[in-house]
Every structure is written in structure tokens, then in C-alpha cells.
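I set out to record, entry by entry, what I looked up in this structure. The notes follow the order in which I worked.

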Amino acid sequence: LPDLEDMIKTTGFFRNKAKNIQGCCHALVEKHGGEVPRTMDELFALDGVGRKTANVVLGNAFGINVGVVVDTHVTRLCNRLGLTKQTDAVKIEQELMTLVPRDQWTLFSHWLICHGRRRCDARKPDCENCEIHKLCPQIGMTAKQ
């Protein structure tokens, strides 16, 4: 466990994460024959795996769209773009699932995160060069701040 902690120390909460990684790996071997499960319920039951992680694994590893990944970046952009007024990740996910076609659920969060990194930074959005500025209710946001 100390070696694992050293490897992930920079991620924050590394002691708890190391315990969860170890517990998850043990369960994958003992309960799932070393295979990563392909259902939300089975993934969610693993140590350290929440809804966000389960959605990432299902969507990216297996191409299974069960939900939309909602992290802090997706939350920020969805609020900024007027897609939701929710702050709770599960509620945001439920709203996005009604707005975004199911076959795009996995990609949608990647698109938002990429847009957030490239143009719509949390502190200093580049509204002037934004590719979707005509669709955005926050046009001129940098001038307002």
C-alpha cells in the first residue's frame, strides 16, 4: 500500500484512493474473475467507483451509454451555457440525458471538457474567439466580470 500511495500522491486524498484502488482490484479478481464489469450496478459496487467513474468506464471502454459523465468542468459549462441551473451532478446528468441524443452521451462530456480547456476557461473565457458564441447566453462574459 505505501508504494501505491507514493505513485498517486499528487492526486490528492491519496491514502483513501490507494485503499479504494486496492479494494477495487481485489473485488475485480475475486468477484469478477479479473474482468471489468459492464453494468452500472456492478461497477458502482466496487470500492471508489461512483456514478461518474462508472459512466466513464462504460462509455469509453465498452461503448455503452448509460449516462452522461458530469464532473466539475461539465457542471460549470452546462450552467454557463444555460443547459441547466442545477448544481447536483445527478440532477445535471438527468437533465442532459433529455437534451443530448443517447448515442452522444459519452462524447458530450468530452466535447464540453475540451471546449472548457480551449475556450471557456473558468476564470478567463475567450468569448471573442468562441466557436459557439452565437449560441451562448453568456456572450460578453469577460466584459461583465
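Throughout these notes I take a contact, or touch, to mean heavy atoms within 4.5 Å. The model is a predicted one.

**Entry: asparagine 65**

With that cut-off I looked up the neighbours of asparagine 65. Leaving aside residues up to four places away in sequence, I found that asparagine 65 touches Arg102, Asp103, Trp105 and Thr106. I located asparagine 65 in the loop between α4 (51–62) and α5. Is asparagine 65 buried or exposed? I noted a relative accessible area of 16%; asparagine 65 is buried because the limit for that class is under 20%. For the side chain of asparagine 65, I recorded a polar contact with the side chain of threonine 106, at 2.4 Å. I also took a distance along the chain: phenylalanine 44 is 21 residues from asparagine 65, and their C-alpha atoms are separated by 15 Å.

**Entry: the whole chain**

I then turned to the overall make-up. The protein chain has eight helices and zero strands. I computed the box filled by the C-alpha atoms along the principal axes as roughly 55 × 35 × 20 Å. The chain has 145 residues, and 34% of them count as buried. I found an accessible surface of about 9500 Å², with 55% of it belonging to carbon and sulfur atoms. Of the contacts between residues at least 6 apart in sequence, 40% join residues at least 24 apart.

**Entry: helix α2**

I examined α2, which covers residues 14–32 and has 19 residues. From first C-alpha to last, α2 reaches 25 Å, close to the 27 Å expected at 1.5 Å a residue. Which residues of α2 are buried? I listed Phe14, Ala18, Gly23, Cys24, Ala27, Leu28 and His32. An α-helix has 3.6 residues a turn, so residues three or four places apart point the same way. I found that the buried residues of α2 pack against α1 (2–8) and α3 (40–44). After α2 comes glycine 33, with a positive phi near 60°.

**Entry: nonpolar cores**

I looked up the largest nonpolar core and counted 16 residues in it. Val68, Val74, Cys78, Leu96, Phe108 and Leu112 have the most contacts inside this core. At least two of its residues come from each of α5 (72–80), α6 (89–99) and α7 (105–118). Which helix gives the most to this core? I found that α7 does, with four residues. I then checked cysteine 78, which touches Leu83, Thr84, Leu96, Phe108 and Leu112 when residues up to four places away in sequence are not counted. Apart from the largest core I noted another, of nine residues, among them Cys24, Met40, Leu46 and Leu58.

**Entry: threonine 84**

Having met threonine 84 as a neighbour of cysteine 78, I followed it up. Threonine 84 sits in the loop between α5 and α6 and is buried, with a relative accessible area of 4%. Beyond four places in sequence, I found threonine 84 touching Cys78, Asn79, Ile92 and Glu95. I recorded a polar contact at 2.6 Å between the side chains of threonine 84 and glutamate 95. The side chain of threonine 84 also reaches the backbone nitrogen of glutamine 86, at 3.0 Å.

**Entry: cysteines and histidine 133**

How many disulfides are there? With sulfur atoms required to lie within 2.5 Å, I counted zero disulfides. I checked cysteine 120, whose closest cysteine sulfur is that of cysteine 136; the pair is too far for a bond because the sulfurs are 6.1 Å apart. Cysteine 120 is buried, at 7% relative accessible area. Cysteine 130 is likewise in no disulfide, and its nearest cysteine sulfur, in cysteine 136, is 6.2 Å away. I noted cysteine 130 as buried, at 12% relative accessibility.

The backbone oxygen of cysteine 130 led me to histidine 133, where a polar atom of the side chain lies 2.8 Å from that oxygen. I placed histidine 133 in the loop between α7 and α8 (141–144). Histidine 133 counts as partly exposed, at 32% relative accessibility. Finally, I compared histidine 133 with phenylalanine 14: the two are 119 residues apart in sequence, and their C-alpha atoms are 39 Å apart in space.

How values were computed
Residues are numbered from 1 along each chain as its sequence is written. This is a predicted model: local features need pLDDT of at least 70, side-chain atom pairs count only at pLDDT 80 or more; totals for chains, interfaces and linings use all residues. Side-chain values use heavy atoms; hydrogens and water are left out. The expected span of a helix is 1.5 Å times one less than its number of residues. Buried means under 20% relative accessible area, exposed over 50%, partly exposed in between (1.4 Å probe, protein chains only). A nonpolar core is a set of buried Ala, Val, Leu, Ile, Met, Phe, Trp, Tyr and Cys residues joined through side-chain atoms within 4.5 Å. A polar contact is a pair of N or O atoms within 3.5 Å; within protein, one must be able to donate a hydrogen and the other to accept it, and residues adjacent in sequence count only if both atoms are side-chain atoms. Accessible areas come from the Shrake-Rupley method with a 1.4 Å probe; for residues, only the protein chains shown count as cover.
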